Amino acid sequence: MKAVKQFKILMLSILAITFFNCSDNDDNTTPTEGKSQISVKLMDNPGDYDNVFVDVIDVKVKVNDSNDDENGWISLNAINTGVYDLLELTGGINVLLVDDFEIPSGTLNQIRLILGDNNSIVIDGDTFPLNTPSAQQSGLKIKVNEPLAPNIHYTFLLDFDVDESIVVAGNSGNINLKPVIRANVEANSGALRGSISPADVQTEVSVSNGIETASAYTDANGNFMIVGLIEGLYDVTITPDIDSIYQELIIENVEITIGQTLDLGLITLD
């Protein structure tokens with residue numbers, strides 16, 4: 001009887017310890033799984049070309065995987081594939097490539113823009129093929145490393161810098177696309193807008209915080225908008241067409257705030 005009693009006590013002790021440990025783990029475990037939604041928009045800084053056409057066929061992401069290899073990429077099933085003139089995607093104009101696609105939460109490490117074969121550039125009225133060998137094979141990779149919380153929607157802005165991205169190759173004369181692309185989260189950035197008078201003078205508006213630069217041209221009504229700006233102080237440079245009679249204007253220490261659009265109002269050229 002004594003042995004049976006000791007055995008019962010031992011079993012009750014084991015059960016009590018097991019129950020305590022299970023309860024303790026259940027109370028202190030933070031969920032690590034979940035889903036986030038993302039959208040992807042394409043836009044561009046202005047460049048000194050007539051047209052820059054890129055053939056977008058897909059957008060892919062790598063989530064919770066910092067390895068720079070070919071494994072783990074997720075296609076986002078781009079909804080608006082096709083050939084786009086990057087120089088039309090300025091001044092706040094963009095194209096929605098991916099809309100509300102669900103991916104695992106965690107860290108979005110990279111975005112990959114997959115291009116087709118129909119890429120070209122127009123310079124002084126002449127059209128040349130735009131070579132993008134890496135884009136056809138593996139895509140244009142953009143480092144992001146943005147944390148994604150469960151049940152939150154994120155909109156990523158892919159901002160080409162055309163002037164930095166077009167390279168004329170040595171003696172061959174080939175024109176290559178070696179992209180310089182900023183990736184910003186719309187919810188974690190601010191924007192700048194305003195209007196220039198007179199409206200019939202083509203004017204470039206650029207902003208710089210000493211690290212990053214973004215720019216846009218005014219539209220037919222003199223309006224401009226620059227989005228995807230990180231928070232901080234910027235110098236705004238307003239550059240009218242060099243053939244006009246107007247002078248460049250610089251506005252210093254313009255403060256950009258996350259989630260807000262700063263309106264500079266009407267700016268009159270001198």
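## A tour of the cavities, a pocket and a hairpin

Search the whole structure and you get two cavities of 30 Å³ or more. Keep in mind as you click around that this is a predicted model.

**Stop one: the largest cavity.** Select M43, D44, N45, T90, G91, G92, D159, S215, A216, M225, I226 and V227, and you have the lining of the largest cavity on screen. The space inside comes to about 50 Å³. Now colour the strands: β1 (35-45), β16 (213-217) and β17 (223-229) each give at least two residues to this lining. Colour by residue class instead, and the lining splits into five nonpolar, five polar and two charged residues.

**Stop two: the second largest cavity.** Next, pick R182, V207, E212, T213, A214, L229 and Y234, which line the second largest cavity. Its volume is about 30 Å³. What does the lining of the second largest cavity look like by class? You'll find four nonpolar residues, one polar and two charged.

**Stop three: the largest pocket.** Clear the selection and bring up G47, D48, Y49, Q202, E204, Y217, T239, P240, D241 and I242. These residues line the largest pocket, and about 190 Å³ of space lies in that pocket. By class, four of the lining residues are nonpolar, three are polar and three are charged.

**Stop four: the β7 hairpin.** Show β7 (residues 120-123) as a cartoon together with β2 (residues 51-63): the two strands pair antiparallel over three bridges. Put sticks on N51 and V122, and you'll see N51 standing opposite V122 of β7. Leave V122 on and add β8 (residues 126-131), which runs antiparallel to β7 and is joined to it by four bridges. Which residue of β8 is the bridge partner of V122? That's T127. So follow the chain round from β7 to β8: the two strands make a hairpin with two residues between them. Zoom in on D124 in the turn, where phi is positive at about 50°.

**Last stop: W73 and R112.** Show the side chains of W73 and R112. The charged end of R112 sits over the ring of W73, 3.9 Å from the ring centre. If you're tempted to hunt for aromatic pairs while you have a ring on screen, how many does a search of the whole structure find? Zero, so you can leave that selection out.

Methods
Residues are numbered from 1 along each chain as its sequence is written. This is a predicted model: local features need pLDDT of at least 70, side-chain atom pairs count only at pLDDT 80 or more; totals for chains, interfaces and linings use all residues. Side-chain values use heavy atoms; hydrogens and water are left out. Two strands pair if DSSP finds at least two bridges between them. Rings of Phe, Tyr and Trp (its six-membered ring) pair if their centres lie within 6.5 Å; planes under 30 degrees apart count as stacked, over 60 as edge-to-face and the rest as tilted. A charge sits over a ring if NZ of Lys or CZ of Arg is within 6 Å of the ring centre and within 35 degrees of the ring normal. On a 1 Å grid over the protein atoms alone, a cavity is a set of points where a 1.4 Å probe fits but cannot get out, and a pocket is an open set with protein on both sides within 12 Å along at least five of seven lines; lining residues have an atom within 4 Å of a point. Grid points are joined across faces, edges and corners, and a volume is the space filled by probe spheres set on the points. Ala, Val, Leu, Ile, Met, Phe, Trp, Tyr, Cys and Pro count as nonpolar, Asp, Glu, Lys and Arg as charged, and the others, Gly among them, as polar.
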